[in-house]
Amino acid sequence: MEYKVSLGPQHPALHEAVSLRMTLDGEVIRDADLKLGYSHRGIEKLAEERSYIQNIYLTERICGICSHSHTTCFTQGVEQLMELVPARRGLFIRTLIAELERVHSHLLWLGVAGQEAGFESFFMYTWRDREVVLDILEWISGNRVHYAMNIFGGVRRDIDELQRKKILDSLDLLKKRTDYYLNLAASEPTFVGRLAGVGKLSREDAIALCAVGPTLRASGIASDVRKDDPYAVYGEIPFEVATADSCDVLGRAVVRVKELISSYAMIEFLLKNLPEGPFKVKAPRKVKPNEVYSRYEAPRGENVHYIKSNGSDKPERLKVRAPTLANYPATIAMLKKGFIADIPLIFAAIDPCICCAERLVQLDDARRGDSRVLSFSQLRSMANERAKKIDFKKRKIAWPF
Amino acid sequence: MSLRIAPFLPELLRSLFKKPVTVKYPFEKEAVPKDFRGTVVFDPAKCIGCNICVNDCPAEAIDIIRVSETEKKFKMILHNDRCIHCAQCVDSCPTKTYHMDLEYETAAFSRWDLKIEYK
């Protein structure tokens, strides 16, 4: 017998508001459907009313974990529109922050995966070590989460000799700890047993469903924007794209740990080859009419910004595609034929950032059972019509305060 | 790699005898780095009233008001409840009127208490 069960939008297993409607056969999921739109913030519309400089800080707040990803994606797009060549030292520092952010994001993910798999002490130890990289970021940028390092034409702060030494010293500790976690994750029988074989996504499905980031690479496809379409200084850094062939949650964990290790090597390379010179160049305030499509490899996958300029100091359109949105179809495929108990683990394996991925308003008509996409003006006229129907005299509502 | 029984145990036992890594915050305070972005500080003597900071502030947290009709004197009202501590005003200002201090304990019971006026 089949059951229909709804999970979320508020649920302790999912950290953000997302609703999952499943058709169950016993404990096995036969079909699943995701409902989004619970934390829509209207960032794209807001971006049209703000200048390019203000938008750097707005795009930074799309995501709390990969804040540098969104600003870099936006900044390099606008730099292309401005036909501006950023300072070389600035690009090195930008890439350095990007890799430090990847380290902190992947350490965070390892902890979350440990917690979802019931390995709570692993969660506590990885998060303790994550403090090291957060301290480095605070030391360089002045803040732990929103680094605010990007500006058109380079970065806002330079790195001095003392900071360079401190980062290299802290890196040794992080390397040692990551090696330990790699050995631990591979030799702890309960952890391996819990992750292996869960959330299978075949190579063909991963390509067909347009998965991105570690989810795609864990299915054996070496696709990485840093390699395929190098931005900043990734074209000069020697590194290999981390992949795994197991196509399950264990593979995604292995890919992330491998990426951690390659990130440490990249940070070392960047610090040792940091060029002398200015770290930013002066940028114009107004941008010629044009459009650009900017790609960036965030810790969660490919991040895409489309920017259209109209000659003023404000963008005409900003479209953001966060990596989580690209991974949703693959998640549905992973959930099918899985168990209910695996839902948090499969969800955690794509490293979801649900708030970042909310981009449009979709209304469900509960009576008719269909759903529609509405534009802002349609929504407003609907609200006005509803307000007209209310007879305020009849209702006698008093303001409570 | 071969699977072992309880490979995490030695690490756990070692940590049992170490002192905790957490800091008991209100009683013990950690030093912030020298480049920390704390609260915005304004120097009215240097301001020329160009309003670049007002236009560039992403949170619309700055108001610059002309104090006297005859002299070029300005006061600044910082809405610290809206400030996102990005330090763009520090970068944008042509006369280096702004800097950030190391103050991070800015909580208040009312958002109106967070308003700071620099005359």
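Trainee: How many residues of chain B are in contact with chain A?
Mentor: This is a predicted model: local features need pLDDT of at least 70, side-chain atom pairs count only at pLDDT 80 or more, and totals for chains, interfaces and linings use all residues. Residues are numbered from 1 along each chain as its sequence is written, while chains are lettered from A and ligands numbered from 1 in the order in which they are written. Contact means that two C-beta atoms, placed from the backbone, lie within 7 Å. Chain A contributes 19 residues to these contacts, and the number from chain B is 20.

Trainee: By class, how many residues on the side of chain B that touches chain A are nonpolar?
Mentor: Ala, Val, Leu, Ile, Met, Phe, Trp, Tyr, Cys and Pro count as nonpolar, Asp, Glu, Lys and Arg as charged, and the others, Gly among them, as polar. Three residues on this side are polar and five are charged. The nonpolar count is 12.

Trainee: How many helices does chain B have?
Mentor: Helices are DSSP runs of H or I with at least four residues, and strands are E runs of at least two, numbered from the N terminus. Chain B has five strands. Its helices number three.

Trainee: Is chain B compact or spread out, by the globule rule?
Mentor: The rule is 2.2 Å times the number of residues to the power 0.38, and the radius of gyration is taken over C-alpha atoms. For the 119 residues of chain B it gives 14 Å; the radius is 23 Å, well over that, so the chain is more spread out than a compact globule. The C-alpha trace spans about 80 × 35 × 25 Å along its principal axes. The verdict for chain B is spread out.

Trainee: What share of chain B is buried?
Mentor: A residue is buried if 20 or more other C-beta atoms lie within 10 Å of its own, exposed if 12 or fewer, and partly exposed in between, with C-beta atoms placed from the backbone. Of the 119 residues in chain B, the buried share is 18%.

Trainee: In what order do the strands of the open sheet in chain B lie?
Mentor: Two strands pair if DSSP finds at least two bridges between them. β2 (residues 62-66) shares five bridges with β3, and β3 shares four with β5 (residues 115-118). The pairing is antiparallel and the order is β2-β3-β5.

Trainee: Which strands of this sheet in chain B stand at the edges?
Mentor: An edge strand here has a single partner strand, so one side is left without a neighbour in the sheet. That applies in chain B to β2 and β5.

Trainee: Which residues form the covered face of β3 in chain B?
Mentor: In a regular strand the side chains alternate between the two faces of the sheet. In β3 (residues 74-79), B:Lys75, B:Ile77 and B:His79 form the uncovered face. Two bridges help you place the strand: B:Ile64 partners B:Met76, and B:Leu78 partners B:Ile116. The covered face is B:Phe74, B:Met76 and B:Leu78.

Trainee: Is chain A compact or not, for a globular protein of its length?
Mentor: Chain A has 16 helices and 10 strands. Its radius of gyration is 23 Å, close to the 21 Å that the rule gives for 401 residues, so it is as compact as a globular protein of that length. Buried residues make up 44% of the chain. The verdict for chain A is compact.

Trainee: Which helix gives the largest share of the largest nonpolar core?
Mentor: A nonpolar core is a set of buried Ala, Val, Leu, Ile, Met, Phe, Trp, Tyr and Cys residues joined through C-beta atoms within 7 Å. The largest has 116 residues; those with the most contacts inside it include A:Val78, A:Ile346 and B:Cys89. Its largest share, 13 residues, comes from residues 88-116 of chain A, helix α4.

Trainee: Which helix of chain A packs on the sheet of β6, β7 and β8?
Mentor: These three strands form an open antiparallel sheet in the order β6-β7-β8. Nine bridges join β6 to β7 (residues 301-309). The helix covers residues 323-335, touches all three strands and makes about 125° with the direction of β7; angles run from 0 to 180 degrees between N-to-C directions, on axes fitted to C-alpha atoms, for helices over the stretch in contact. The helix is α12.
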